[in-house]
Amino acid sequence: MSGSLAENLTAVRHRIQQCAEVAGRDVHEIQLIAVSKTRSLEEVQALAALGQTAFGENTVQDAMTKIPQLNSQALQWHFIGHLQSKKAGKIPGYFQWIHSVDSLKLAQKLSNAMASNSKNSNLHCLLQVNVSGENSKSGLKPEAVKPFLRELLDLQLPCLSWRGLMTIGVRGDELQTRQAFSQLRELQQSCREEFSLAAFDQLSMGMSGDYCLAIEEGATLVRVGTSIFGQREQL
Ligand SMILES: *Cc1c(COP(=O)(O)O)cnc(C)c1O
């Protein structure tokens with residue numbers, strides 16, 4: 001973890017490959033998102049030069065100082081933090097994905113913002129689910145996901161495509177984390193069938209401490225910061 005950016009990236013990619021093999025999965029089903037929150041523009045540029053294309057940010061402010069400077073490169077930006085609906089207007093033109101939709105109001109505002117922005121035609125959206133039930137986490141309760149999705153689809157919001165579910169594991173508890181990941185997968189598959197949503201095929205789960213576990217449980221998007229960039233400074 002104290003290696004160079006290039007060494008860290010190679011190590012993470014290698015481990016993803018290994019974990020996919022152990023799980024009997026095709027590694028191409030798994031996309032690595034480099035979580036660049038709090039990192040400098042130079043660090044993102046260095047990683048992009050190494051061939052990394054997907055990046056994740058958790059605040060609009062932090063992202064807005066970097067993304068426009070990197071616009072010439074074909075990078076894909078994922079918003080992975082909690083977003084207040086009044087900030088939905090900041091997403092179009094910057095992000096192609098959002099992993100943290102958890103209210104109808106936010107969905108409505110995102111859709112409006114997308115519709116009135118010329119740069120983006122479509123935003124890929126995941127619903128954030130608080131599977132472990134910890135109070136500190138945002139996201140929908142698992143039992144609320146289907147009723148929520150039904151209401152969402154009834155709204156027929158333009159410019160948003162519903163792509164799957166996201167969750168955060170339980171820090172330091174492997175068993176609970178595995179259960180949470182497997183519950184998320186079951187929920188995603190069941191939503192996909194029940195609502196006939198062919199494209200609802202993404203599972204965003206797994207961070208530096210648990211991405212291998214997440215891959216074993218079916219993750220298609222893993223969000224890795226520390227293992228690539230090193231320890232973040234406390235803000
Ligand atoms: C910070 C963050 C990550 C990355 O965490 P690391 O432990 O540094 O890999 C992943 N997902 C979310 C939602 C985050 O906020």
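Start by selecting Glu 7, which sits in helix α1, the run of residues 5–22. Before going on, keep in mind that the model on your screen is predicted.

**Stop 1: Glu 7 and its surroundings**

Is Glu 7 buried or exposed? Switch on a surface and you can check: Glu 7 is exposed, because its relative accessible area is 51% and the cut-off for that label is over 50%. Now add Ser 4 to the selection and show the side chain of Glu 7. A polar atom of that side chain is 3.0 Å from the backbone nitrogen of Ser 4. For a sense of scale, draw a distance from the C-alpha of Glu 7 to the C-alpha of Asp 102. These two residues are 95 positions apart along the chain, and the line you have drawn spans 36 Å.

**Stop 2: Gly 24**

Follow the chain out of α1 and select Gly 24, in the loop that joins α1 to β1. With 68% relative accessibility, Gly 24 counts as exposed. Which distance is worth drawing here? Try Gly 24 to Glu 216: they are 192 residues apart along the chain, but their C-alpha atoms are separated by 8.5 Å.

**Stop 3: Ser 36**

Next, select Ser 36, in the loop between β1 (31–35) and α2 (41–49). Here the surface tells another story: Ser 36 has a relative accessible area of 0%, so it is buried, the label used for values under 20%. Add Ala 63 and draw a C-alpha to C-alpha line; the pair is 27 residues apart in sequence and 8.8 Å apart in space.

**Stop 4: the ligand**

Now centre the view on the ligand. The space it takes is the largest pocket. Which residues should you show as sticks around the ligand? Select Val 35, Lys 37, Ile 80, Met 166, Ile 168, Met 207, Ser 208, Arg 223, Val 224, Gly 225, Thr 226 and Arg 232, which surround the ligand. If you colour this shell by class, you will find six nonpolar, three polar and three charged residues.

Three polar contacts can be picked out in turn:

- Lys 37: an N or O atom of its side chain is 2.7 Å from an oxygen atom of the ligand.
- Arg 223: an N or O atom of its side chain is 2.8 Å from a nitrogen atom of the ligand.
- Thr 226: a polar atom of its side chain lies 2.5 Å from an oxygen atom of the ligand.

How much of the ligand does the protein bury? On its own, the ligand exposes 390 Å², and the protein buries 89% of that area.

**Stop 5: Ser 103**

Move on to Ser 103, in the loop between β4 (97–101) and α4 (104–115). Ser 103 has 25% relative accessibility, so it counts as partly exposed. Show its side chain together with the backbone of Leu 106: the side chain of Ser 103 reaches the backbone nitrogen of Leu 106 at 3.0 Å. Then add Leu 83, which is 20 residues from Ser 103 in sequence and 10.0 Å from it in space, C-alpha to C-alpha.

**Stop 6: two positive phi angles**

Finish in the loop between α5 (145–155) and β6 (160–166), where Gln 156 is placed. Cys 159 is found in the loop between α5 and β6 too. What is the phi of Gln 156? Your torsion tool should give a positive value of about 50 degrees, although Gln 156 is not a glycine. Cys 159, also a residue other than glycine, has a positive phi near 75 degrees.

Bring the surface back for a last look at both residues. Gln 156 counts as exposed because its relative accessibility is 66%, whereas Cys 159, at 22%, counts as partly exposed.

Definitions and conventions: Residues numbered from 1 in each chain as written. Predicted model: local features only at pLDDT ≥ 70, side-chain atom pairs only at ≥ 80, totals over all residues. Heavy atoms only, no water. Helix = DSSP H or I, 4+ residues; strand = E, 2+ residues; numbered from the N terminus. Buried < 20%, exposed > 50% of the residue type's maximum accessible area, 1.4 Å probe, protein only. Polar contact = N/O pair within 3.5 Å; in protein donor to acceptor, adjacent residues only side chain to side chain. Near = heavy atom within 4 Å. Areas by Shrake-Rupley, 256 points an atom, 1.4 Å probe, with all protein chains shown as cover. 1 Å grid on protein atoms, 1.4 Å probe; cavity = no way out; pocket = protein on both sides within 12 Å on 5 of 7 lines; lining within 4 Å. Sits in = over half its atoms within 2 Å of the grid points. Nonpolar A, V, L, I, M, F, W, Y, C, P; charged D, E, K, R; others polar.
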